[in-house]
There are 2 protein chains.
Amino acid sequence: MGRNVAQKLIGDHLVSGEMTRGREIALSIDQTLTQDATGTMVMLELEAMGLDRVRTETSVQYVDHNLLQTDEKNAEDHAFLQSAAQRYGIWFSRAGNGVSHPVHQGHFGRPGLTMVGADSHTCAAGALGMLAVGVGGLEVAMAMAGEPLYISMPEIWGVELTGELPPWVSAKDVILELLRRHGVSGGSGRIIEYYGDGLVGLTAMDRHVIANMGAELGATTSVFPADDAVRTYLAERDRAEDFTELLADEDAAYDVHEHIELSQLEPLIAAPSSPGNVRPVREAAGEEVFQVVVGSSANPGLRDFAVVAEAVAGRRVHERVSLDVNPTSREMYADLAREGWLFDMIAAGARVHQSGCLGCIGMGQAPAVGRNSLRTMPRNFPGRSGTDEDAVWLCSPETAAAAALTGEITDPRDLEMAHPEVQMPGTFTISPDLLTPPLPAEEARRVELVKGSNIRSLPTFDPIPDEMDLPILLKVGDDVSTDEIMPAGSRVLPYRSNIPAISEFVFVQVDDTYSSRAVETDGGHAVVGGTNYGQGSSREHAVVAPRYLGLRVVVAKSIARIHWQNLANFGVLALEFDDEADYDALTQDDVLSLRGLHESLRASDEVSAQIGDREVQLRHRLSERQVEMVLAGGRIAQYAQSTAAAG
Amino acid sequence: MGRNVAQKLIGDHLVSGEMTRGREIALSIDQTLTQDATGTMVMLELEAMGLDRVRTETSVQYVDHNLLQTDEKNAEDHAFLQSAAQRYGIWFSRAGNGVSHPVHQGHFGRPGLTMVGADSHTCAAGALGMLAVGVGGLEVAMAMAGEPLYISMPEIWGVELTGELPPWVSAKDVILELLRRHGVSGGSGRIIEYYGDGLVGLTAMDRHVIANMGAELGATTSVFPADDAVRTYLAERDRAEDFTELLADEDAAYDVHEHIELSQLEPLIAAPSSPGNVRPVREAAGEEVFQVVVGSSANPGLRDFAVVAEAVAGRRVHERVSLDVNPTSREMYADLAREGWLFDMIAAGARVHQSGCLGCIGMGQAPAVGRNSLRTMPRNFPGRSGTDEDAVWLCSPETAAAAALTGEITDPRDLEMAHPEVQMPGTFTISPDLLTPPLPAEEARRVELVKGSNIRSLPTFDPIPDEMDLPILLKVGDDVSTDEIMPAGSRVLPYRSNIPAISEFVFVQVDDTYSSRAVETDGGHAVVGGTNYGQGSSREHAVVAPRYLGLRVVVAKSIARIHWQNLANFGVLALEFDDEADYDALTQDDVLSLRGLHESLRASDEVSAQIGDREVQLRHRLSERQVEMVLAGGRIAQYAQSTAAAG
């Protein structure tokens, strides 16, 4: 049987495992992408690993998230990232160059490659026939070090597109239609693969729109074939030589099937406050609109801005509306200026901002409470805009332009206007010299990391001793989330690159003496939890910071999946009660004694602990590989040891 | 003897007083300008006054300061200001229209008029032959209500300009030269009037640069004659009919004299962290530069951006430098796009931001600690950029462009480049319909103020009773500043339009029980201070908030001038000890009893107070007019009473 595009990409990069749904596979990774919000931690991880130089074909560090710079921290993060990119052999994209995903596609995207990115919209690269997955920072750091990506083999969901989009309907409406049908978890555990005659009418940038918001369906990633549209895209960027055709075999099959007839689509909109809350624009028509924001990785193409410009040219933005325009990239901003579209938008009343993510990740552009804001962005989770009780809607550029002109939600087909026939320019501005290439290795080794006062090296963590006597510093109940372990918010987040500083906030909402008591306790400590310990956000800080304070062991009734993985990654032993009744018998300040730990972890999944004169039976769920990782002090420590041994 | 321009402007608007240096004069006011940071308070004052409609020829509310919108507060302030502008007959300039001063000059500036503005750079309007003074919010509200402006008659400082500026030297270097000679208080108590042959070579926008930064010399304002340069400026904006010639008489004299030969000037720069810290650029050459910011009210002209664009066109911004460009106004942004200059800057690597003040007032663009940032802005006070230990330099657009290219402070004459001969376009983009004109009175009366959850009406304050028994809730030492009375900062400032909320922070650094004790005390209270009570910032909140909490009387050894004025304006009785030794005898919780207060205030400057069984002699410094104002409960209460009586 023939293979589909996803299977070809996986098969060509399979390091270990079998391509059977649900089984763990390991994939070699060609490229990585990091942005500034996640990248500082990744660079600190590279430093802690003692990596000399990245081993990927291409790694790129972008600066697109924290562009507002209300104090020194963002500028200092940017300087740190620039120096780290120089040190480790990474491309660097400066503040203002634009949003990572479309810039990456334009300069580095290449059919047939794999990529991991510390950003959930990394999947957009599927538009060019890449297999690109958004993952946590440490996974990206490991990929940079040449380690494979471990994932569970996904289902392949074939979405057949037929027909042609009608006027005023565009790529955004295609992915909104999929969200309308299946909601925000419809893609979970799946790769979405698009095929069919309808692809002919979708440019590579249209496909970027669709692939980007696969993340909103919870999909592992999305893939498109590398066909003539991709060939054209690369040729227009003087990169014809980077094209390789990558098509599904004629007899390829899919695990799950879907069909969308493009000619049947109409303008759609996701109502507050979920990307899955989709309905026809006409059903919401007439609602007053106070803000319209055009931009972000979800509608990043020149066409997506040009269609807005042509719709508002010679007209006026409604008096009630702030029309905010965030040009995707510096190159595209230049093209908007050159082609006159920028003039059209400004003259009509638009506020045109620097290139970057901006309002899409709550960096400015926050709307008033309860006042409708229409955005061409990918997400409208409650409060993501920066306003707690916001009312954000997601739509196409066409629908956004209509609302900007009328001041209310309007189906663009109801404007008394011909659909703008946007003519793309013959050439695009291409400024590769604004992307700084990696330094030669010799020169790179001499680069010192530039650390502002708020950036500290990642602490190094030592191996787990064979014998430990650990006081239980904290006992908590069920469903304690990572938000309780390591709060976020504007008081804490600025310290994300400074583990000593951020560790003062660990468990602060639960017990504000924990951090100081932990510091005073020599030889480490333990924490006891109930069921579902560590649920919620995947943040690694919820492990790194308590580990920094001396946490060695977590014992709980059960531990949430991602937090459990993070504990293992950073060398904290996660144990679960054999008998949940033992939870009740433990009290804070009891001492948990472990003896012969190394052998018992290697020998079985059983661990005995002594508490006072009682013995308690515990279990671990670590694989052999993971046992060695935890014993070594975590994945970074293990990597550093193995390279030291090899060197 | 003939009159100079300043004397003509004052003479034509004199309502009362004599034009003798140092004597109080009252001037009728034609125009007002408010921006969003100060405007919300002004609008709340209009509401509290019960004003029906502004009585000025033209009042304009701009939105140019708080544009970042990191939560809902700024968007809600903008909506409030828009509704207040509609209600009171005020022009409204939306977010993104641009920086108030140059936009005002372009659309409303007219020779021979007076203006007050709640912004210290209001003085820039002197470029067109206006008398424009930056004042506190309540003064602006009073001017809107048709009340005159009371000031002390300033000295007139004649600055004669001769000759012509050499290549690479521009208007910014003229005002930096004046700052180099006289420092930041050299203009105190003075109006700076420019005259001489050298004016021929300075356009109205060049003069705007010079007049703007008169504020940095501490001058009351700056004035230029309305000559052919002004005629040309207005004609280019289709406003030829608004021109009136206004020249100094041939035999005009000045109180103080100065001469600047323009051909002798060289590129200058103000080093960190004072606009008065001026030196030749060559003396600082070679210092590494990490950021260059072009924009703000200090260099707002199209030429000021075009010269940067032409210098960087076809070149690359240095790898180390973030070149941030803040187009002054939407109209100018459109012109930069139309003329290709925007393309040149973006293609060279600039980050181009929305139109507004932005980094000039610390709204983003904060540099890294200690890393040099060169700006074409008017001020570099420590920390103003948003970074506590910043290193901000002030310079011309030419010097800024040179640093952007070389990555270090560079005299632009040392670039290997011909001085760009900027050709201004034949026409400018003029978009008056982006400025919303006042509603007709009938319609305006029906407008409801749109108050977000964080905006509260100004409390109304009742008249001072004839008898009071006031516990002394707080006794403080010498030199207590308004920062201690009413802190600013990011925790407190968001509540600037919400007196009940901000009042919880009064004296919080001195005694955090003050606010709650004040609320619990019926019938008002007193505060006792040492010498120089209320020094520092002029903020009105340092009076309004404690008055809201029940403050009726301040007794101190001495009270700082502006705070004393603010106390009177808001109906708090300011008294000073006859004998400073009485300060020592008073303790917190003593009760200050006043009897027959009305008569004693009207009869003399002596006030007797009973404290326990002791009598203490106190004095006030109120004029007859001010006594009535304080007795009425303050200037707003008095205004409201008088109009109610008249109506």
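This short presentation covers how chains A and B are arranged, how they meet, and which cavities they enclose.

The model is predicted: local features need pLDDT of at least 70, side-chain atom pairs count only at pLDDT 80 or more, and totals for chains, interfaces and linings use all residues. Residues are numbered from 1 along each chain as its sequence is written, chains are lettered from A and ligands numbered from 1 in the order in which they are written, and side-chain values use heavy atoms, leaving out hydrogens and water.

Let me begin with the symmetry. Chain B is superposed on chain A by a rotation of 180 degrees with 0.0 Å of shift along the axis, at an RMSD of 0.2 Å; the fit is by least squares on C-alpha atoms of residues with pLDDT of at least 70 in both copies. The two copies are thus related as by a two-fold rotation axis. In chain B, the C-alpha nearest that axis belongs to His353(B), at 2.3 Å.

I turn now to the interface. Here 52 residues of chain B are in contact with 52 residues of chain A, contact meaning heavy atoms within 4.5 Å. Because 100% of the interface residues of chain B are also interface residues in chain A, the copies meet through the same surface. Two salt bridges are counted between the chains, each a side-chain nitrogen of Lys or Arg within 4 Å of a carboxyl oxygen of Asp or Glu. Asp433(B) and Arg316(A) meet in a salt bridge, at 2.7 Å from N to O.

Finally, the lining of the largest cavity. By class, this lining has eight nonpolar, eight polar and no charged residues, where Asp, Glu, Lys and Arg count as charged, Ala, Val, Leu, Ile, Met, Phe, Trp, Tyr, Cys and Pro as nonpolar, and the others, Gly among them, as polar.
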